[in-house]
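Please read the following alongside the sequence and the model. The text goes from the sheet to the helix and then to the aromatic side chains.

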Amino acid sequence: IGNVINTQAQYPDTVVASALWNMEPTIDAALAAVKAGKFKAEDYGKFSQMKAKGSELSPLGTFAAKVPKATLDLVAKRQKEILAGTFTVKVDDSQPKGTAK
């Protein structure tokens with residue numbers, strides 16, 4: 001699973017899909033606030049959410065025919081729920097803790 005950008009073209013036999021980040025909604029919101037003279041330091045994380053078009057799942061590319069239909073259906077269902085606001089992905093931004101013994 002790739003992260004932030006679609007890396008399947010570079011790794012067609014190993015990257016099933018990527019969680020893509022689209023920075024445009026965040027930048028657009030910040031620029032609109034600047035233009036309106038109302039910019040302030042704040043959490044712009046909400047603009048990175050799928051519902052704000054700030055993230056999406058990449059196409060499956062070489063894995064499109066390899067992923068079972070039942071799995072594709074579950075992914076499509078969950079995406080629809082996220083976009084409708086009936087499912088929220090919990091984000092944990094806390095500092096990761098090591099597991100050293």
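In which sense do strand S2 and S3 pair, and over how many bridges? The model is a predicted one, and in it strand S2, residues 18-21, pairs with S3 in the antiparallel sense over 3 bridges. One position can be followed directly: Trp21 has Ser55 in S3 as its bridge partner. The two strands belong to an open sheet of 3 strands, ordered S1-S2-S3, in which the pairing is mixed. Strand S1 (2-4) and strand S3 (55-57) are the edge strands, each pairing on one side only. From one strand to the next, the twist averages 15 degrees.

The next element to follow is helix H2, which covers residues 69-84. Its 16 residues, at 1.5 Å a residue, should span 22 Å, and the C-alpha atoms at its ends are 22 Å apart, so the expected and modelled spans agree. After H2 comes Gly85, which has a positive phi, near 85 degrees.

Salt bridges come next. Side chains of opposite charge can pair when their charged atoms come close. How many salt bridges does a search of the whole structure find? The search gives 3. In one of them, the side chains of Lys69 and Asp73 meet at 2.9 Å, N to O. Lys69 and Asp73 are 4 residues apart in helix H2, so about one helical turn separates them. An α-helix has 3.6 residues a turn, so residues three or four places apart point the same way. Lys69 is exposed, at 59% relative accessibility, while Asp73 is partly exposed, with a relative accessible area of 39%.

Further along the helix, Lys77 forms a salt bridge with Glu81, and their closest N and O atoms are 3.3 Å apart. Lys77 and Glu81 both lie in helix H2 and are 4 residues apart, about one turn of the helix. Glu81 also meets the side chain of Arg78 in a salt bridge, at 2.9 Å, N to O. Here the spacing is 3 residues in helix H2, so Arg78 and Glu81 are likewise separated by about one helical turn. Lys77, Arg78 and Glu81 are thus linked in a network of salt bridges. Within the network, Lys77 counts as exposed at 52% relative accessibility, whereas Arg78 is partly exposed, with a relative accessible area of 38%.

Arg78 has a second contact to note: Arg78 lies over the face of Phe87, at 3.8 Å from the ring centre. Another charge over a ring is found at Phe63, where the charged end of Lys66 sits 4.7 Å from the ring centre.

The remaining contacts are between rings. A search of the whole structure finds 2 aromatic pairs. Phe39 and Tyr44 form a stacked pair, 6.2 Å centre to centre, with 20 degrees between the planes. Tyr44 and Phe47 have ring centres 5.9 Å apart and planes at 35 degrees, so this pair is tilted. What do Phe39, Tyr44 and Phe47 form together? They make up one aromatic cluster. Tyr44 is buried, with a relative accessible area of 15%. Phe39 counts as partly exposed at 47% relative accessibility, and Phe47 is also partly exposed, with a relative accessible area of 22%. The cut-off for buried is under 20% relative accessible area, so a residue at 22% falls in the partly exposed class.

Methods:
Residues are numbered from 1 along each chain as its sequence is written. This is a predicted model: local features need pLDDT of at least 70, side-chain atom pairs count only at pLDDT 80 or more; totals for chains, interfaces and linings use all residues. Side-chain values use heavy atoms; hydrogens and water are left out. Rings of Phe, Tyr and Trp (its six-membered ring) pair if their centres lie within 6.5 Å; planes under 30 degrees apart count as stacked, over 60 as edge-to-face and the rest as tilted. Buried means under 20% relative accessible area, exposed over 50%, partly exposed in between (1.4 Å probe, protein chains only). A charge sits over a ring if NZ of Lys or CZ of Arg is within 6 Å of the ring centre and within 35 degrees of the ring normal. Two strands pair if DSSP finds at least two bridges between them. Axes are lines fitted to C-alpha atoms, for helices over the stretch in contact, and angles run from 0 to 180 degrees between N-to-C directions. The expected span of a helix is 1.5 Å times one less than its number of residues. A salt bridge is a side-chain nitrogen of Lys or Arg within 4 Å of a carboxyl oxygen of Asp or Glu.
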